[in-house]
Amino acid sequence: MSNGYVRKEMLHELPAPDGTKGIFYWLKTNLFSTPLNALATFIALYVIYKVVPPVIDFALISPAWFGENREVCATLKQGGVKPDDWFGACWPYVGANMKLFIYGRYPPDEIWRVNIVYLMFAISGACLLIPKVPYKLPNLLFMFGVFPVAAFVLLTGGHVMLDGFLVAGSFMGPSFAAFWVDFLILTCIFIALATFIARGTDSDPMPSIRMVILGMVVLAVVMAIISAPLGLEHVETEIWGGLLVTLVIAVSGIVASLPIGILLALGRRSKMPAVKMLSVMFIEFWRGVPLITVLFMSSVMLPLFLPEGVTFDKLLRALIGVTLFQSAYMAEVIRGGIQALPKGQYEGAMALGLNYWQMIQKIILPQALTLVIPGIVNTFIGLFKDTTLVLIIGLFDFLGQIQSSFSDPTWATPVQAMSGYLFAAVIYWIFCFSMSRYSIFMEQRLDTGHRN
């Protein structure tokens, strides 16, 4: 029998070994650990030295802060009041056009409607994104149920004309009654599809049928609301612009592409040949064309194939094109997360007696979405920046609205364009950096790095 030793008192904490702490140790470890690392550090410092000080001087040290016209942002030779060697940003130009950059040509008397939409989006979004804020389910229902309808009614004014869109219009003529006949036909088609998919996955079709009926009832209520006369002035989307258009396209694309991408990812991994083939065809088609082509087709070519007298709003066509395009990329991101799960997760779910949709909803998707948070947010950031492409179809987003202001002779100076682009860069950086940091926060909160 051996004698054991058990320590009864804790030892005092010892200081770190010499040379393993302090600023010099950090510099040596992180910036000059190898010759290549040191070379990269010196190159980075040189680039920062050449770029950052001039930008700071242009934006913060030497700019014109106040003024009424171009004279405050022009040199004496250019007809202004600044010295000939002056070079700085023209912030009075940005301030004078701030409403144009945020609201576009939205009627000034109706801007309060846009502000209400901004306020609802900011408060509801903050309540959803901050983990400590309670009542997540009511906030979720408001954000994805009430807010889209309220925002649409406030921004457009409602008054949507409803008439036949399938077959009823051909024998009843365009009318309100023809719309609801077509709506019933569409509901029957969706119920048949839900039954077909449920039978193919060996599931009980009744939950899917009830879900379809509930969704169509909610959609009917929404259509009734947006077509009702609510006393608001109708505002055409053609005069929308600036940050309003950027946020409408980005938020609509982000919110709509995620659920569609999930369905496409599940469809691509489905054992039903028809569903898998349709999902693969959809994903590969939209991934095979650039977004510029999609926008051009939706704006120029699509109206040529529609029957005479049938037209869609240009912004709505862009929203549909962006959503379908982004859904294909989102589907591949989510499919990567699903494929990363070990086979044991599926076997465990089936051993518990869960059917296909219960397994997907309770076991597979929560883990898959958590694994691919960086990829999902990266797709969202890409979409937010790609909204600038709508300028090619005549929609003035935030950047397009800034570029359109360059023709204003009141502020025409050599620094006008640089000031506008610098302001646009700051705004885009704030949005994209915020999404990036929130992604990192959620990744650390959910511990998806699997570092342990």
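**Entry 1: Thr246**

I began with Thr246, which sits in helix H10, the helix running over residues 243-268, in what is a predicted model. I asked whether Thr246 is buried or exposed. Its relative accessibility is 0%, and therefore I put it down as buried. I then looked up what touches Thr246 once its neighbours within four places in sequence are left aside, and found Phe384, Thr387, Asp397, Phe398 and Tyr428.

**Entry 2: Gly261, also in H10**

I stayed with helix H10 and moved to Gly261, which I entered as buried because its relative accessible area is 0%. Which residues are in contact with Gly261, leaving aside neighbours within four places in sequence? I listed Ser327, Met330, Ala331 and Ile334. I also checked a C-alpha distance here, and noted that Gly261 and Ala328 are separated by 6.3 Å although they are 67 residues apart along the chain.

**Entry 3: the whole protein**

I stepped back to the overall fold and counted 18 helices and zero strands. For the extent of the model, I noted that the C-alpha atoms fill a box of roughly 100 × 80 × 40 Å along the principal axes. The radius of gyration is 28 Å, whereas a compact globule of 452 residues would have one near 22 Å.

I looked up burial for the protein as a whole and found that 35% of the 452 residues count as buried. The exposed surface comes to about 27,300 Å², and carbon and sulfur atoms supply 70% of that area. On charges, I recorded 29 positive and 27 negative side chains, with the centres of the two sets lying 12 Å apart. Of the contacts between residues at least 6 apart in sequence, 68% join residues that are at least 24 apart.

**Entry 4: helix H8**

I checked the length of helix H8, residues 176-200, against expectation. Its 25 residues should span 36 Å at 1.5 Å a residue, and its end C-alpha atoms are 37 Å apart, so the two figures agree. Which residues of H8 are buried? I wrote down Ala178, Phe179, Asp182, Phe183, Thr187, Ala194 and Ala198. As a reminder for reading such lists, an α-helix has 3.6 residues a turn, so residues three or four places apart point the same way. Following H8 comes Asp202, for which I noted a positive phi near 55°.

**Entry 5: helix H9**

I made a similar length check on helix H9, residues 205-227, where 23 residues reach 33 Å from the first C-alpha to the last, close to the 33 Å expected at 1.5 Å a residue. The buried residues of H9 are Pro205, Ser208, Ile209, Val212, Met216, Ala220, Met223, Ile226 and Ser227. Against what do these buried residues pack? I found that they pack against helix H6, residues 136-156, and against H8.

Val222 is also found in H9, and I entered it as partly exposed because its relative accessibility is 22%, where the cut-off for buried is under 20%. Its C-alpha lies 9.6 Å from that of Gly145, and the two residues are 77 apart in sequence.

**Entry 6: Tyr135 and Gly79, two loop residues**

I looked up Tyr135 in the loop between helix H5, residues 111-129, and H6. Its phi is near 60°, a positive value in a residue other than glycine. Tyr135 has a relative accessible area of 64% and is therefore exposed.

Gly79 lies in the loop between helix H2, residues 35-61, and helix H3, residues 91-96. At 45% relative accessibility, I noted Gly79 as partly exposed. Leaving aside neighbours within four places in sequence, Gly79 is in contact with Arg70 and Glu71. I also noted a C-alpha separation of 9.7 Å between Gly79 and Thr413, which are 334 residues apart along the chain.

**Entry 7: Ser419**

I finished in helix H18, residues 416-446, where Ser419 has its place. Ser419 is buried, with a relative accessible area of 0%. What does Ser419 contact, leaving aside its neighbours within four places in sequence? I recorded Phe58, Ala89, Cys90, Trp91, Tyr93 and Val94.

How values were computed:
Residues are numbered from 1 along each chain as its sequence is written. Side-chain values use heavy atoms; hydrogens and water are left out. Helices (H or I, at least four residues) and strands (E, at least two) are DSSP runs, numbered from the N terminus. The radius of gyration is taken over C-alpha atoms; the globule rule is 2.2 Å times the number of residues to the power 0.38. Buried means under 20% relative accessible area, exposed over 50%, partly exposed in between (1.4 Å probe, protein chains only). Contact means heavy atoms within 4.5 Å. Accessible areas come from the Shrake-Rupley method with a 1.4 Å probe; for residues, only the protein chains shown count as cover. Lys and Arg count as positive and Asp and Glu as negative; His and the chain ends are not counted. The place of a charge is taken as NZ of Lys, CZ of Arg, CG of Asp or CD of Glu. The expected span of a helix is 1.5 Å times one less than its number of residues.
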